[in-house]
Structure formats: C-alpha cells, structure tokens
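Trainee: Could you walk me through this model, from its overall layout to its interior?

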Amino acid sequence: MMRREAHHQFNRIYTDGMSSANAKAKFMKIGIVTLGCDKNTVDSEYFAGILAERGHRVFVPDEMAQPDAVVINTCGFIESAREESIRVILEWAAEKEHRRLEKNTPLRLFVVGCLAQRYLEELKEALREVDGFLGVGRWRDIPGLLERCSSGGMGDMMGRVAPPVYLSK
C-alpha cells in the first residue's frame, strides 16, 4: 500500500515537470521501475526530478504506456530482492523484443542500482538486451545516457543497438 501511494505521488510530482528551456530537445517517455528498499525510492525520485526538469515525461510504466525507455532501479543485497530484480528485467527485456518484432517500436532498457553495481560483469554477459548499466551514485549520468539513446547514439530505430554503456564506478 505504501509503495502504491508513493508511486501516485511520484507520478503527480514528476510527469508535469516540463521545462520550457528544453523546448528544442527530443523529449522521451521514461518509465522508472523502483525495486527494493526505501533508498531506491528516494534515488528514483531524485533522478526522475532531473529527467522531468529536462522536459521528459516520467512515470511508473506498464506495457500499455509505451515508454521510449525503462530504467529499472534494482536491489542486490538479499536473494529475494535479486530474484525480483532479475525477473522484472527479464519481463521488460521480453517487452522490448516484442515491440521490436511485432510493433517496430524501439524500447531502451537500462538497469541501475546496487544489483548493477555488485554484479556488473555477470549482468553484462547474461542480459545482452540491456542497453546500459549504472551503479549506485551515478544518477546524474542517467539523463545524458537516455538522451544520447533517443538521438540515435546508442542504436537505430530498428532496435539494433550499439554496444551497451557500463558505468558502475
């Protein structure tokens, strides 16, 4: 219940944060999935605020919302949290593939947080569908990573993706 209320507040605060200073930039619909502890909720709200200030529409995603990118803020400390994080990443990876094959609409997938920090090498090998990884404390790098992706810097509109970006330290 508490998490659902936080998501409603999160949506209300950040989805309308468009900045007129960014009128010429390509704005993206960015879904943020927050898993794990309360610190991740705070971190997600922090980088959602940065993204909204830059003019992006930020929300808690579902497949119907058709986000341009999904950022999954993961937890990697206890086994059940790691399992949940991997399950959610795989669900969004499947959605990314579905959109590429069936709808010809790209979806960029990014994994951030402590799972990415602690298991970067394993994740890079096992989750090739992920477009980028960011470790803990790299929240200021998220807008640039996503914006580079939206301008074609990380892949083309057919879903062929350049090598992923790995920023864990």
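The exchange below goes from the secondary structure to the nonpolar cores.

Mentor: This is a predicted model, in which local features need pLDDT of at least 70 and side-chain atom pairs count only at pLDDT 80 or more, while totals for chains, interfaces and linings use all residues. Residues are numbered from 1 along each chain as its sequence is written, and side-chain values use heavy atoms, with hydrogens and water left out.

Trainee: In what order do the elements of the protein run from the N terminus on?

Mentor: Helices (H or I, at least four residues) and strands (E, at least two) are DSSP runs, numbered from the N terminus. The protein has six helices and six strands, and their order is α-β-α-β-β-α-β-α-α-β-α-β.

Trainee: What percentage of the 169 residues counts as buried?

Mentor: Buried means under 20% relative accessible area, with a 1.4 Å probe and protein chains only. By that cut-off, the share of the 169 residues is 45%.

Trainee: Which element gives the largest share of the largest nonpolar core?

Mentor: A nonpolar core is a set of buried Ala, Val, Leu, Ile, Met, Phe, Trp, Tyr and Cys residues joined through side-chain atoms within 4.5 Å. The largest one has 18 residues, and Ile72 and Trp92 have the most contacts inside it. At least two residues each come from β3 (69–74), α3 (79–103), β4 (108–113), α4 (114–118) and α5 (120–126). The largest share, four residues, comes from α3.

Trainee: How many residues are in the second, separate core?

Mentor: Among the members of this second core are Ile30, Ala48, Leu134 and Trp139. Its full count is 16 residues.

Definitions and conventions:
Buried < 20%, exposed > 50% of the residue type's maximum accessible area, 1.4 Å probe, protein only.
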